[in-house]
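Student: I would like to test some labels against their cut-offs. Can we take them one at a time?
Tutor: Yes, with the structure in view.

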Amino acid sequence: MQTVDVLVIGAGPAGTVAASYLKKQGYDVTILEKEKFPRFQIGESLLPCCMEHLTEAGLREAIEPLNFQKKTGAAFMRGEKRCEFLFEDQFTKGWTWTWQVKRADFDSKLAEATREKGVDVNFECEVTAVQCGPEKQIVDYKDAEGNAHRIEAKFIIDSSGYGRVLPRLFDLSKPSAFTPRGAVFSHLEDKNRTETASNNIFVHSFDNNKSWIWAIPFSDGSTSVGIVGDRERIEALAENNGEGYKAFIRNFEDLHGRFADSQLKFEPRAILGYSIGVTKMSGEGFVLSGNSTEFLDPIFSSGVTFATASGLLSAKMTHKHLQGEAVDWKKEYEEVIQKGIDVFRSYVSGWYTGDFQTIVFAKHIDEDIKRQICSVLAGYVWDQSNPFVKKHDTILPTLAKVIRMKEKAEEAGQI
Ligand code: FAD
């Protein structure tokens, strides 16, 4: 039976960052990946903070020559209201830009660079069963021809994303508290891209903040366009090969005809019920990273950054463990990752209650407040010196309430 130090399940951003980091520390690392790459994946707009993780894992340099669209900020719109954040203005010292990527190309390059570092990356190998113990972990998988194999590892990092291999096998999933939502999306020609529709991500809020549209421009002139909303709306838009989606995107007033005559690069795809959590992020012989842990909502494009952050930290903790040092997985891993997730949870809630929109579309937004919110949008959600991180659970509703009262008083001519 093949024996390795660390077995990583999944070759997405979480898995490749974890594997590359551990290879640098001298371990024998194998990745088992179910799909043949390149494969489509959703999650195309990155956050600047993930550049730190890609750099530390030694993967950023491999991505640079691909000339992905540089992303320097994000714009939010609602009707004629517009608020643009530029990462160069952010409160936290950190990366001021990142990329918007077609994940098929991005993930393939990450996997290739990881293999070049000496990690054994195996495609079309689907993990089917896992037995964990104090000393060794036994992993069963099947290859493209359906042949069964077994591999033994000292430790497992589950980075299987939506596959959620260990949460499924070990019954670790827990439902999300968010309303079940979905998304329907495609890539479109974007010949009408203008100065106003810049190269950064655009998010249009509509339907009383219950639904929204993303537009994520790519460097090849096409743009990813998705609609997010409650389950019923998305199911209806996705019916009949996405006829409803196509009509909506072509006619949606706030897009000002940008995609009115655009050809689609592929038939619209839908994904539903993606918000999910876990009861724990680690156990005897394993740790979860990326979407295998918790996924909240796509609104703030935080998924890949959480994948790279947790991929990196899970690898560091695995290194410590394999060095024979005691690891307090709850404190040193789960609580750290959870802290970041909880910050975004407050912002996701604030988006759907409309508090976030009240703040960013206010007649006047204080520049310091904007800079602090900008750091959250850049993914720097572990910076406790930022009040919009530290007081994440109370600051949005409180500030939104003050703004609403002030605007009401202004309308009434009281101030
Ligand atoms: P993945 O990228 O899913 O990779 C996991 C890999 O594991 C896959 O390649 C899979 O084939 C493999 N795998 C699965 N099962 C097995 C198995 N049994 N054996 C072996 N391998 C297996 N995030 C952003 O950052 N920006 C965005 O703009 C954004 N938009 C989104 C829009 C929508 C509608 C949704 C739902 C999500 C969005 N996300 C976004 C989130 C993003 O998709 C994920 O957070 C991100 O892909 C997670 O990376 P990962 O490495 O954990 O998993």
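Student: Why does asparagine 67 count as exposed?
Tutor: The model is predicted, and its relative accessibility is a computed value. Asparagine 67 has 57% relative accessibility. Exposed means over 50%, so asparagine 67 counts as exposed.

Student: Where is asparagine 67 found, and what is its phi near?
Tutor: Asparagine 67 is in the loop between α3 (60-63) and β3 (69-71). Its phi is near 50 degrees, a positive value in a residue other than glycine.

Student: What makes aspartate 171 count as exposed?
Tutor: The cut-off is again over 50%. Aspartate 171 has 66% relative accessibility, so it counts as exposed. Its place is in the loop between α5 (165-169) and β11 (173-175). Aspartate 171 is not a glycine, yet has a positive phi of about 55 degrees.

Student: What kind of peptide bond runs from phenylalanine 37 to proline 38?
Tutor: Omega is near 0 degrees there, and the bond is cis. Proline 38 sits in the loop between β2 (29-32) and α2 (49-56).

Student: How do you know that helix α6 (residues 231-251) is not straight?
Tutor: Compare the spans. At 1.5 Å a residue, a straight helix of 21 residues would span 30 Å. The end C-alpha atoms of α6 span only 21 Å. There is a kink of about 125 degrees, centred on asparagine 241.

Student: Which residues of α6 are buried, and what covers them?
Tutor: Buried means under 20% relative accessible area. In α6, Ile234, Leu237, Gly242, Tyr245, Lys246 and Ile249 are buried. Their cover includes β12 (181-189), β14 (211-217), β15 (222-230) and β16 (269-272).

Student: Why do residues three or four places apart in an α-helix point the same way?
Tutor: An α-helix has 3.6 residues a turn, so such residues point the same way.

Student: Which residues come nearest to the ligand?
Tutor: There are 40 residues around the ligand; Glu33, Ile42, Ser45, Asn291 and Val304 come nearest.

Student: What makes the pair at serine 45 a polar contact?
Tutor: The cut-off is N or O atoms within 3.5 Å. A ligand nitrogen atom is 2.7 Å from a polar backbone atom of serine 45. The pair at serine 45 is a polar contact. At valine 127, a polar backbone atom is 3.0 Å from a nitrogen atom of the ligand. At valine 304, a backbone N or O atom lies 2.7 Å from an oxygen atom of the ligand.

Student: How much of the ligand does the protein bury?
Tutor: Taken alone, the ligand exposes 1,000 Å², and the protein buries 98% of that.

Note on methods
Residues are numbered from 1 along each chain as its sequence is written. This is a predicted model: local features need pLDDT of at least 70, side-chain atom pairs count only at pLDDT 80 or more; totals for chains, interfaces and linings use all residues. Side-chain values use heavy atoms; hydrogens and water are left out. Helices (H or I, at least four residues) and strands (E, at least two) are DSSP runs, numbered from the N terminus. The expected span of a helix is 1.5 Å times one less than its number of residues. The bend at a residue is the angle between axes fitted to the seven residues ending there and the seven starting there. Buried means under 20% relative accessible area, exposed over 50%, partly exposed in between (1.4 Å probe, protein chains only). Contact means heavy atoms within 4.5 Å. A residue is near a molecule or strand if one of its heavy atoms lies within 4 Å of it. A polar contact is a pair of N or O atoms within 3.5 Å; within protein, one must be able to donate a hydrogen and the other to accept it, and residues adjacent in sequence count only if both atoms are side-chain atoms. Accessible areas come from the Shrake-Rupley method with a 1.4 Å probe; for residues, only the protein chains shown count as cover.
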